[in-house]
Amino acid sequence: MFVSVAYFSCGGLAQSLSQPTLSVSRARTKMARFRCILEDVDFASVTVHWYRHTPSQGFRRILYVTGARPFYDDDFADRFTSENVEKAKSSLLDIRNVAESDAGVYYCAAWGAR
């Protein structure tokens, strides 16, 4: 299975979002990890959102993280987890037990204070 990753920023936060890996490929039942690097961000006041885009469903928000706590949308809470790691200037999205339905383009978005 091939899972693709991309990132974007929205809102009023002028910042740099980047990613070290542009695509991730994992066998079913394995774990996939996506990393969004956020430069010059105060993690105490930023909200990071993770989205998945597929041709059949369009954009769907998976979750958002405020401070250290993730808030999940729809049915994503069972296999998806996320955390903001201030020391690494990153937000991480993990998918446990990767399934074929997880294929898509994953995006992070961030806004808040610098």
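In this predicted model, the largest nonpolar core holds 20 residues, and Trp50, Phe80 and Leu93 are the ones that touch the most other members. Five elements each give two or more residues to this core: β4 (32-39), β5 (46-54), β6 (58-66), β9 (90-95) and β10 (105-112). The largest share comes from β4, which puts in four residues.

Stepping back to the overall fold, the protein turns out to have ten strands and zero helices. Read from the N terminus, then, the elements simply go β-β-β-β-β-β-β-β-β-β. Of the 114 residues, 39% count as buried. The accessible surface adds up to about 6000 Å², with carbon and sulfur atoms accounting for 51% of that. As for contacts between residues at least 6 apart in sequence, 56% join residues at least 24 apart.

Next come the aromatic rings. The structure holds four aromatic pairs. One of them brings together Phe59 and Tyr107, a tilted pair with 5.2 Å from centre to centre and 50° between the planes. Phe59 sits in strand β6 and Tyr107 in strand β10, so this pair ties together parts of the protein that are 48 residues apart in sequence. Tyr107 counts as buried, because its relative accessibility is 18% and the cut-off for buried is under 20%. Another pair is made by Tyr64 and Phe71, whose ring centres are 5.1 Å apart; with the planes at 20°, the pair is stacked. Neither ring here belongs to a buried residue: Tyr64 is partly exposed at 23% relative accessibility, and Phe71 is partly exposed too, at 27%.

Charged side chains give a further set of links. The count comes to seven salt bridges. One of these joins the side chains of Glu39 and Lys89, at 3.7 Å from N to O. Glu39 lies in strand β4, while Lys89 is in the loop between β8 (80-85) and β9, so the bridge ties together parts 50 residues apart in sequence. Both ends are partly exposed, with a relative accessible area of 29% for Glu39 and 39% for Lys89.

A second bridge, between the side chains of Arg52 and Asp102, comes in at 3.5 Å from N to O. This one also links distant parts of the chain, with Arg52 in strand β5 and Asp102 in the loop between β9 and β10, 50 residues apart. Arg52 and Asp102 are both buried.

Arg61 and Asp73 form another salt bridge, and their closest N and O atoms are 2.8 Å apart. Arg61 belongs to strand β6 and Asp73 to the loop between β7 (69-72) and β8, so the parts tied together here are twelve residues apart in sequence. The two partners fall into separate burial classes: Arg61 is partly exposed, with a relative accessible area of 27%, whereas Asp73, at 17%, counts as buried. Finally, Arg52 and Asp102 turn up again in a network, where salt bridges that share partners join these two residues and Arg79.

How values were computed: Residues numbered from 1 in each chain as written. Predicted model: local features only at pLDDT ≥ 70, side-chain atom pairs only at ≥ 80, totals over all residues. Heavy atoms only, no water. Core = buried A, V, L, I, M, F, W, Y, C linked by side-chain atoms within 4.5 Å. Buried < 20%, exposed > 50% of the residue type's maximum accessible area, 1.4 Å probe, protein only. Contact = heavy atoms within 4.5 Å. Areas by Shrake-Rupley, 256 points an atom, 1.4 Å probe, with all protein chains shown as cover. Phe/Tyr/Trp six-rings, centres within 6.5 Å; stacked < 30°, edge-to-face > 60°. Salt bridge = Lys/Arg side-chain N within 4 Å of Asp/Glu carboxyl O.
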